[in-house]
Structures are given as structure tokens and as C-alpha cells.
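Grab your favourite viewer and work through a few short exercises with me. Try each task yourself before you read its solution.

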Amino acid sequence: KPRETVTVMVTKDELLVNGRVVGRVADLSDPNAALIIEPLRVALQEQNDTSLRNTAQQDLADREVTIMGDKGTPFTVLKRVMATATAADYGKVSLAVLQKEVEAGAGA
């Protein structure tokens, strides 16, 4: 049975939750900023509430979020996104890396 998961995507410019923009990466790169990204926490809680309606008594440890980024994503941003996900009651945090498509004919 497929598991329901929330996807947080960190692009070069934006932070998205299930395709909806919740922030700009440029605003998140400050290492002295608060660890929790409040707009992200609110968006994740909203996703949590939707998921809970669909699966009545889902255990906290089973709530899953996947964070997608690329090798250029600053570690400080990833750290804040992961901390925010756990603060929004997600027990499983997975990281995924976006791979660039190989151009046709390149390296052949």
C-alpha cells in the first residue's frame, strides 16, 4: 500500500510544500536566524491536519516528509528545514537529491 508523504522542495530560489511556495531560499540562508522556519512549520501543520483527517489516528512516528534539494542547497537551509519538519510533528524525515538530466548525445 502506498504511503502518504509530504514533499518539501528546496529549489535554487524557493521553498515549496507539495508544490506551493512558502518561502524564498535567500531569506533562509542567514545562519543567525531562528532554527524554525515559521511559514514552513505552518504549511507542514496544514498538511498534517489534512493527512490526519484522511487517516484518523495516525501515529506521530509514522508521519513522513521528504525533503528534496540539489548539491547546491546550503546546509544551513537543509538543517533549518529538517528542524522545522520535526517541530511540525513529522517523525520520519527523508532526504532526496534532484539529479540533472543528461543531455541527449552527451558522453556517448
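The exercises below go from the sheet to the core, then to salt bridges, backbone angles and one loop.

This is a predicted model, in which local features need pLDDT of at least 70 and side-chain atom pairs count only at pLDDT 80 or more, while totals for chains, interfaces and linings use all residues. Residues are numbered from 1 along each chain as its sequence is written, and side-chain values use heavy atoms, with hydrogens and water left out.

**Exercise 1. The sheet**

Task: Work out the strand order of the open sheet and identify its edge strands.

Solution.
- Step 1: Start with the terms. Strands (E, at least two residues) and helices (H or I, at least four) are DSSP runs numbered from the N terminus, and two strands pair if DSSP finds at least two bridges between them.
- Step 2: Read off the order. The open sheet has 5 strands in the order E3-E2-E1-E4-E5, and its pairing is mixed.
- Step 3: Find the edges. Strand E3 (20–24) and strand E5 (92–97) each pair on one side only.
- Step 4: Check the twist. On average, neighbouring strands of this sheet are turned by 20 degrees against each other, direction ignored. The axes behind this angle are lines fitted to C-alpha atoms, for helices over the stretch in contact, and angles run from 0 to 180 degrees between N-to-C directions.
- Step 5: Look at individual pairs. Strands of a sheet pair through backbone hydrogen bonds, either parallel or antiparallel. E1 (residues 6–10) and E2 (residues 14–17) are antiparallel, with 3 bridges, and Val8 has Val17 in E2 as its bridge partner. E2 and E3 also run antiparallel, joined by 4 bridges; here Glu14 is partnered by Arg24 in E3.

**Exercise 2. The core**

Task: Determine which residues of the largest nonpolar core touch the most other members.

Solution.
- Step 1: Define the set. A nonpolar core consists of buried Ala, Val, Leu, Ile, Met, Phe, Trp, Tyr and Cys residues joined through side-chain atoms within 4.5 Å. Buried means under 20% relative accessible area, exposed over 50%, and partly exposed in between (1.4 Å probe, protein chains only).
- Step 2: Rank the members. Of the 20 residues in the largest core, Val8, Leu15, Val17, Leu40, Leu44 and Val81 touch the most other members.
- Step 3: Trace the sources. E1, E2, H1, strand E4 (64–69) and H2 each supply at least two residues of this core, and H2 gives the most, with 4 residues.
- Step 4: Zoom in on Val8. Leaving out residues up to four places away in sequence, Val8 touches residues including Leu15, Val17, Leu40, Leu44, Val65, Ile67 and Val81, where a contact means heavy atoms within 4.5 Å.

**Exercise 3. Salt bridges**

Task: Find the 2 salt bridges in the structure.

Solution.
- Step 1: Apply the criterion, a side-chain nitrogen of Lys or Arg within 4 Å of a carboxyl oxygen of Asp or Glu.
- Step 2: One pair is Glu46 and Arg20, at 3.1 Å, N to O. Glu46 lies in helix H1 (residues 38–54) and Arg20 in strand E3, so this pair ties together parts that are 26 residues apart in sequence. Glu46 is partly exposed at 39%, as is Arg20 at 42%.
- Step 3: Another pair is Glu38 and Arg41, at 2.6 Å, N to O. They are 3 residues apart in helix H1, so about one helical turn separates them. Glu38 is partly exposed at 40%, and Arg41 is partly exposed at 25%.

**Exercise 4. Positive phi**

Task: Locate Asn18 and Asp89, and give the phi of each.

Solution.
- Step 1: Recall the background. Most residues other than glycine have a negative phi.
- Step 2: Asn18 has a positive phi of about 50 degrees. Asn18 belongs to the hairpin of E2 and E3, which has 2 residues between the strands, and is partly exposed at 41%.
- Step 3: Asp89 has a positive phi near 70 degrees. Asp89 sits in the loop between helix H2 (75–87) and E5, partly exposed at 32%.

**Exercise 5. The loop between E3 and H1**

Task: Describe the surroundings of Ile36 in the loop between E3 and H1.

Solution.
- Step 1: Ile36 is partly exposed, at 31% relative accessibility.
- Step 2: Beyond four places in sequence, Ile36 touches Arg41, Arg80, Ala83, Thr84 and Ala87.
- Step 3: The C-alpha atoms of Ile36 and Arg80 are separated by 6.0 Å, although the two are 44 residues apart along the chain.
- Step 4: Asn32 is placed in the loop between E3 and H1 and counts as exposed at 71%. Asn32 and Thr76 are 9.8 Å apart, C-alpha to C-alpha.
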